[in-house]
Amino acid sequence: MKTSVIIPSFNEMSTLPEILERIAALPIDKEVVVVDDGSTDGTREWLKGAVKADRFPFELRVLEHEVNRGKGGALITGFAAASGDIVIIQDADLEYDPRYIPGIVRPIEEGACDVVYGSRLLSEGSQTYNILYLWGNQFLTLLVNLLFGSKMTDSYTCYKAFRTPVVRSLGLVSSGFEIEAEISCKIAYRKYRFREIPIVYASRSREDGKKINYRDAVKGVLKIAELRFRSFFAGI
Ligand SMILES: Nc1nc2c(ncn2[C@@H]2O[C@H](COP(=O)(O)OP(=O)(O)O)[C@@H](O)[C@H]2O)c(=O)[nH]1
Ligand SMILES: [Mg+2]
């Protein structure tokens with residue numbers, strides 16, 4: 001089975017090369033689709049050079065948005081372009097270590113489930129940027145569980161893996177970080193076979209390039225409420 005690693009990137013020149021090196025070392029059949037969203041720090045030029053030089057021992061495809069469409073917009077483009085049997089999201093920063101990818105996709109390869117999350121809350125070692133980010137994530141996860149009857153521990157984790165037809169069936173529309181809430185609500189509502197695997201997360205600071213902020217948490221709450229409301233009248 002081939003895994004498509006989808007990487008949304010926006011100004012990640014300081015970490016993306018290392019991420020691709022680590023993916024190259026993974027003992028799985030894979031392709032990488034990077035969706036660059038108008039980076040101005042050289043990420044885009046470097047990616048073009050890497051493709052031209054055939055620098056990595058896997059198929060590397062780079063898709064570009066002329067104007068910035070947000071992490072969600074990038075993921076929607078990447079999911080549509082994936083050619084693998086399994087899709088997994090990998091952020092372009094080093095907060096999530098690609099060495100966890102084989103363990104996250106294995107239950108899907110074995111046919112045991114449709115969706116696997118790498119949870120930061122199931123392991124001791126995870127560091128969070130600050131306590132408000134942790135509380136924000138836990139509050140959003142609690143809302144998803146309360147309103148959609150799921151038992152997730154980390155609804156906003158980057159590490160989300162799916163059987164490709166499953167992620168394609170979700171009809172995702174969110175352009176910003178609230179896509180994490182949209183995915184988690186729809187996965188729960190449709191009762192896909194779900195599992196969580198512990199991962200250790202190493203948060204970065206805003207100075208290091210973190211983009212998600214408090215406004216994204218508010219958008220997440222509104223997205224969860226909107227989807228629950230809509231699900232009373234029609235499926236989501
Ligand atoms: N293409 C694209 N990627 C983005 C955008 N904003 C953030 N990202 C990527 O999304 C990932 C997560 O962003 P980050 O700010 O680290 O959020 P966090 O890890 O969820 O706290 C990183 O790989 C970013 O480069 C965007 O507007 N467009
Ligand atoms: Mg990050």
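The exercises below, each with a worked solution, concern a predicted model.

**Exercise 1. The magnesium site**

Task: Find which residues coordinate the magnesium ion (ligand 2), and work out whether Asp 93 and Glu 95 are buried or exposed.

Solution: Begin at the ion, where the magnesium ion (ligand 2) is coordinated by Asp 93 through OD and by Glu 95 through OE, at 1.8 to 2.2 Å. Next, consider accessibility, for which the cut-off for buried is under 20% relative accessible area. Asp 93 has a relative accessibility of 4% and therefore counts as buried, and Glu 95, at 5%, counts as buried too.

Then place Asp 93 in the chain: it belongs to the loop between strand S4 (86-89) and helix H4 (101-109). Its side chain offers a polar atom that lies 3.0 Å from the backbone nitrogen of Glu 95, and the side chain of Asp 93 also makes a polar contact, at 3.1 Å, with the side chain of Arg 204. Finally, look at what surrounds the residue: leaving out residues up to four places away in sequence, Asp 93 touches Glu 12, Thr 15, Ile 19 and Arg 204. Of these contacts, Thr 15 is 78 residues from Asp 93 in sequence, yet their C-alpha atoms are 5.3 Å apart in space.

**Exercise 2. A buried arginine**

Task: Determine where the side chain of Arg 44 reaches a backbone oxygen, and describe the setting of Arg 44.

Solution: First locate the residue, which lies in helix H2 (residues 43-52). Its relative accessible area is 11%, and Arg 44 is therefore buried. Now follow the side chain, which comes to 3.1 Å from the backbone oxygen of His 65. Widening the view to contacts, and leaving aside neighbours within four places in sequence, one finds Arg 44 against Asp 36, Asp 37, Gly 38 and Ser 39, and also against Glu 64, His 65 and Glu 66.

**Exercise 3. Two buried strand residues**

Task: For Val 35 and Ile 89, identify the strand that holds each residue and list the residues that each one contacts.

Solution: Take Val 35 to begin with, which is found in strand S2 (residues 30-36) and is buried, with a relative accessible area of 0%. Beyond its neighbours within four places in sequence, Val 35 is in contact with Ile 7, Pro 8, Ser 9, Leu 63, His 65, Ala 74, Thr 77 and Gly 78. The C-alpha atom of Val 35 is separated by 5.7 Å from that of Glu 64, a residue 29 places away along the chain.

Turn then to Ile 89, which lies in strand S4 and is likewise buried, its relative accessible area being 0%. Not counting residues up to four places away in sequence, Ile 89 touches Ile 6, Pro 8, Leu 75, Phe 79, Cys 158, Tyr 159, Lys 160 and Phe 162.

**Exercise 4. Helices packed against H8**

Task: Decide how H7 and H5 are each oriented relative to H8, whether roughly parallel or roughly antiparallel, and name the residues that meet.

Solution: Start with helix H7 (residues 179-189) and helix H8 (residues 214-233), which pack at an angle of about 30° with their axes 9 Å apart. Angles under 35 degrees count as roughly parallel, so H7 and H8 are roughly parallel to each other. Their crossing is right-handed. On the H7 side the residues are Ala 181, Glu 182, Cys 185, Lys 186 and Tyr 189, and these meet Gly 220, Lys 223, Ile 224, Leu 227 and Ser 231 in H8.

Helix H5 (residues 131-148) packs with H8 at an angle of about 0°, their axes being 10 Å apart, and H5 and H8 are therefore roughly parallel as well. The contact draws on H5 residues including Leu 132, Tyr 133, Phe 139 and Leu 140, and on H8 residues among them Tyr 214, Ala 217, Gly 220 and Val 221.

**Exercise 5. Positive phi values**

Task: State what is notable about the phi values of Asp 54 and Lys 191, and say where these residues are placed.

Solution: As background, most residues other than glycine have a negative phi. Asp 54, however, has a positive phi, near 50°, and its place is in the loop between H2 and strand S3 (59-64). With a relative accessibility of 61%, Asp 54 counts as exposed. Lys 191 also has a positive phi, near 55°, and is found in the loop between H7 and strand S7 (194-198). Lys 191 counts as exposed at 66% relative accessibility.

How values were computed
Residues are numbered from 1 along each chain as its sequence is written. Chains are lettered from A and ligands numbered from 1 in the order in which they are written. This is a predicted model: local features need pLDDT of at least 70, side-chain atom pairs count only at pLDDT 80 or more; totals for chains, interfaces and linings use all residues. Side-chain values use heavy atoms; hydrogens and water are left out. Helices (H or I, at least four residues) and strands (E, at least two) are DSSP runs, numbered from the N terminus. Buried means under 20% relative accessible area, exposed over 50%, partly exposed in between (1.4 Å probe, protein chains only). A polar contact is a pair of N or O atoms within 3.5 Å; within protein, one must be able to donate a hydrogen and the other to accept it, and residues adjacent in sequence count only if both atoms are side-chain atoms. Contact means heavy atoms within 4.5 Å. Donors are N, O and S atoms within 2.8 Å of the metal (3.2 Å for Na, K and Ca); water is not among the atoms, so sites may look incomplete. Axes are lines fitted to C-alpha atoms, for helices over the stretch in contact, and angles run from 0 to 180 degrees between N-to-C directions. Angles under 35 degrees count as roughly parallel, over 145 as roughly antiparallel, 65 to 115 as roughly perpendicular and the rest as oblique. A crossing is left-handed if the near helix is turned anticlockwise from the far one by less than a right angle, and right-handed if clockwise.
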